[in-house]
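Reader: I would like to learn how to read cores and pockets from a set of coordinates. Where should we begin?

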Amino acid sequence: MCAIISWAGKLPPGLLARLLVASEYRGRDSTGVAFRTKSDAGRPCTAVSQHAVPATTFANQNAEYLRRAESSPIGIAHVRRASFGMPVNNENAHPFFYAGYTFAHNGKVDNWKILREEFVEEVRSSISPSKLLESEDGVKRMIKRAREDKDTELWGELKKLLFLMEAKTDSKVLGYCIQHDDFSKVEGCASITWIKGDSVRVAR
């Protein structure tokens with residue numbers, strides 16, 4: 001089973017790398033770290049780096065990134081052991097970003113495909129009855145149009161829809177649950193940690 005790490009408060013130098021490497025026995029399929037920082041324009045944002053490599057490799061290749069993470073007061077990290085049949089690649093490495101939440105999951109959601117279809121339909125119906133929303137390509141075209149029109153609200157909703165439509169792992173459906181603060185439909189076992197703004201949360 002995967003390992004998740006979260007923290008509130010700056011970490012001692014080198015601790016995050018040691019925690020990741022010590023967690024590698026829990027999984028070698030991918031490693032990722034997210035933390036609160038500031039953009040080049042000085043605005044608060046969340047930095048995310050995730051790669052389909054073991055924790056030791058990640059720590060060796062991202063030493064400066066980990067030093068920056070340790071100096072952040074808010075962060076999460078993940079070491080992945082993919083569930084049977086789940087794809088192993090950068091796209092499915094945690095943490096994920098959904099609706100302003102950055103999250104990582106440990107465990108298995110047995111009914112994730114059912115939830116994915118239900119959540120896709122709920123998000124789709126809240127946006128528009130347009131036929132374009134029935135396919136991933138159509139949603140991508142609408143995202144491009146919303147970006148060109150600078151319609152940030154529509155762009156955000158369409159990005160959520162595409163995230164769910166493209167979900168290939170059980171973990172990704174949990175973004176919707178976090179946003180709505182409702183895990184009642186989830187079947188299986190799960191621990192989740194997430195960042196929203198300047199706070200970090202954990203749920204089991």
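**Cores and pockets**

Author: We begin with the core, keeping in mind that this is a predicted model. The largest nonpolar core has 33 residues, and those that touch the most other members are Phe103, Val139, Leu158, Leu161, Leu164 and Leu174. At least two residues of this core come from each of strand 5, strand 6, helix 4 (112-127), helix 5 (136-148), helix 6, helix 7 (174-180) and strand 7 (188-196).

Reader: Why look for such a set at all?

Author: Nonpolar side chains in soluble globular proteins tend to be buried together.

Reader: Which residues does Val139 touch, leaving out those up to four places away in sequence?

Author: With those left out, Val139 is in contact with Leu132, Leu133, Leu158, Leu161, Leu162 and Met165.

Reader: Which residues does the second, separate core include?

Author: Ile5, Leu16, Phe35 and Ala77 are among the 18 residues of that second core, which is separate.

Reader: Now the pockets. What is the volume of the largest pocket?

Author: The volume of the largest pocket is about 380 Å³. Its lining has 17 residues, and Phe97, Tyr98, Lys159, Lys160 and Phe163 are the closest to the centre. Two or more lining residues come from each of strand 3 (44-51), strand 5 (96-98) and helix 6 (152-165).

Reader: Which element gives the most to that lining?

Author: Helix 6 does, with six residues. Helix 6 also supplies at least two residues of the largest nonpolar core.

Reader: How does the lining of the largest pocket divide by class?

Author: The lining of the largest pocket has nine nonpolar, three polar and five charged residues.

Reader: How much space lies in the second largest pocket, and which residues lie nearest its centre?

Author: The second largest pocket holds about 160 Å³ of space. Of its 14 lining residues, Cys2, Arg81, Ala82, Ser83 and Gly107 lie nearest the centre. Strand 6 (residues 101-109) gives the most to this lining, with three residues. By class, the second lining has four nonpolar, six polar and four charged residues.

Reader: Cys2 lies by that centre. Is Cys2 buried or exposed?

Author: Cys2 counts as buried because its relative accessible area is 7%, and the cut-off for buried is under 20%. Cys45, at 24%, is partly exposed.

Reader: How many disulfides does the structure hold?

Author: The structure has zero disulfides.

How values were computed: Residues are numbered from 1 along each chain as its sequence is written. This is a predicted model: local features need pLDDT of at least 70, side-chain atom pairs count only at pLDDT 80 or more; totals for chains, interfaces and linings use all residues. Side-chain values use heavy atoms; hydrogens and water are left out. On a 1 Å grid over the protein atoms alone, a cavity is a set of points where a 1.4 Å probe fits but cannot get out, and a pocket is an open set with protein on both sides within 12 Å along at least five of seven lines; lining residues have an atom within 4 Å of a point. Grid points are joined across faces, edges and corners, and a volume is the space filled by probe spheres set on the points. Helices (H or I, at least four residues) and strands (E, at least two) are DSSP runs, numbered from the N terminus. Ala, Val, Leu, Ile, Met, Phe, Trp, Tyr, Cys and Pro count as nonpolar, Asp, Glu, Lys and Arg as charged, and the others, Gly among them, as polar. A nonpolar core is a set of buried Ala, Val, Leu, Ile, Met, Phe, Trp, Tyr and Cys residues joined through side-chain atoms within 4.5 Å. Buried means under 20% relative accessible area, exposed over 50%, partly exposed in between (1.4 Å probe, protein chains only). Contact means heavy atoms within 4.5 Å. A disulfide is a pair of cysteine sulfur atoms within 2.5 Å.
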